[in-house]
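Visitor: I would be grateful for a close look at how one pair of helices is packed, followed by a brief account of selected side chains elsewhere.

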Amino acid sequence: MTAAPVTHDDAEVLFAPLAHLPRVALAVSGGPDSLALMHLTAQWRAARSDGPELVVLTVDHGLRTDSRDEALLVSRAAEAASLLHVILTWEHDGVDEGLQVRAREARYDLMAAYAHAHDIGALVTAHHLEDQAETFLMRLARGSGLDGLAAIPEEGSWAGLTLLRPLLDVPKARLVATVEAAGIAYVTDPSNIDPKFERGRVRSAMETLAGLGATPEAIALSAKRLRRARAALDAAACDFLDSHAETSAAGYASVDAGATDALPEEVALRVLSRLLATVGGGMEPV
């Protein structure tokens, strides 16, 4: 069965969280997922009388000989959509076994730096349903607990920059159908299916898992329910801290040890984690 492109009505719902923001950046790599994000967001914004100013950011990672061509492909697509496009270049000393992790961190660092320098408060990425399922499986393989298995949140942060992921419930096939229906050229990153990388191995196993009933939709639904459970536990920890803990600007905190002992272990661990984060200068546990 052929997947249907994302519709205008779909986009109205998906991008509603962006409507109140003055400026947002779109992370676009040249793949079908992020190009669909750019195309849909541009159409959504053009149909509105108000909404954010859009800036498209592409990181030329220099990991393949054609990476600059891919960045320029995005530039042409952004120009066709009347969007400002900026290419950021990652300077590095080569690749190693930690390539994908290092590249991801470098991309986010570069985009966050640009956003802070240009008064952009949020970065929108094209993470989709299959990304969510794959992340869940990779963390399951590591024995992750609730926080890890909650997988990718709809909203996160990086270096003080808000990250928004409006397409998390959208299957990749619909994003591909969207760019193909719009006649937008895209590229495919061969590392996405390379078995030497963890995500490539997980991706190749998805069809087998789907045959057992563990479809991307089912896995992503589990991750969503775990995020809901995590939110409830976080709320319980915050309520406890409001009633039983004090923090000082001098850099220390105190908590009622007796009350803490009576907490369920998972809530107690979250209380401790939040206290440590606060004393350490952060608002949330890292």
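Guide: The helix pair is described below, followed by the aromatic rings and one acidic residue. The model is predicted: local features need pLDDT of at least 70 and side-chain atom pairs count only at pLDDT 80 or more, while totals for chains, interfaces and linings use all residues. Residues are numbered from 1 along each chain as its sequence is written, and side-chain values use heavy atoms, with hydrogens and water left out.

Helix 5 (residues 129-141) packs against helix 8 (residues 198-211) at an angle of about 105 degrees, and their axes are 10 Å apart. Helix 5 is therefore roughly perpendicular to helix 8 (65 to 115 degrees). In this contact (heavy atoms within 4.5 Å), helix 5 contributes Asp131, Ala133, Glu134, Thr135, Leu137 and Met138, and helix 8 contributes Glu198, Arg199, Val202, Arg203, Met206 and Leu209. By class, six of these residues are nonpolar, one is polar and five are charged.

A search of the whole structure finds two aromatic pairs (ring centres within 6.5 Å; planes under 30 degrees apart count as stacked, over 60 as edge-to-face and the rest as tilted). The rings of Phe15 and Trp44 have centres 5.9 Å apart and planes at 55 degrees, so this pair is tilted. Phe15 is in the loop between helix 1 (8-14) and strand 1 (23-27) and Trp44 is in helix 2 (residues 32-46), so the pair ties together parts 29 residues apart in sequence. Phe15 is buried at 0% relative accessibility (buried means under 20% relative accessible area, with a 1.4 Å probe and protein chains only), and Trp44 is buried at 1%.

Asp234, in helix 9 (residues 216-244), is buried with a relative accessible area of 19%. Leaving aside neighbours within four places in sequence, Asp234 is in contact with Arg270 and Arg274.

Methods: Helix = DSSP H or I, 4+ residues; strand = E, 2+ residues; numbered from the N terminus. Buried < 20%, exposed > 50% of the residue type's maximum accessible area, 1.4 Å probe, protein only. Phe/Tyr/Trp six-rings, centres within 6.5 Å; stacked < 30°, edge-to-face > 60°. Axes fitted to C-alpha atoms, helices over the stretch in contact; angles between N-to-C directions. Parallel < 35°, antiparallel > 145°, perpendicular 65-115°, else oblique. Nonpolar A, V, L, I, M, F, W, Y, C, P; charged D, E, K, R; others polar.
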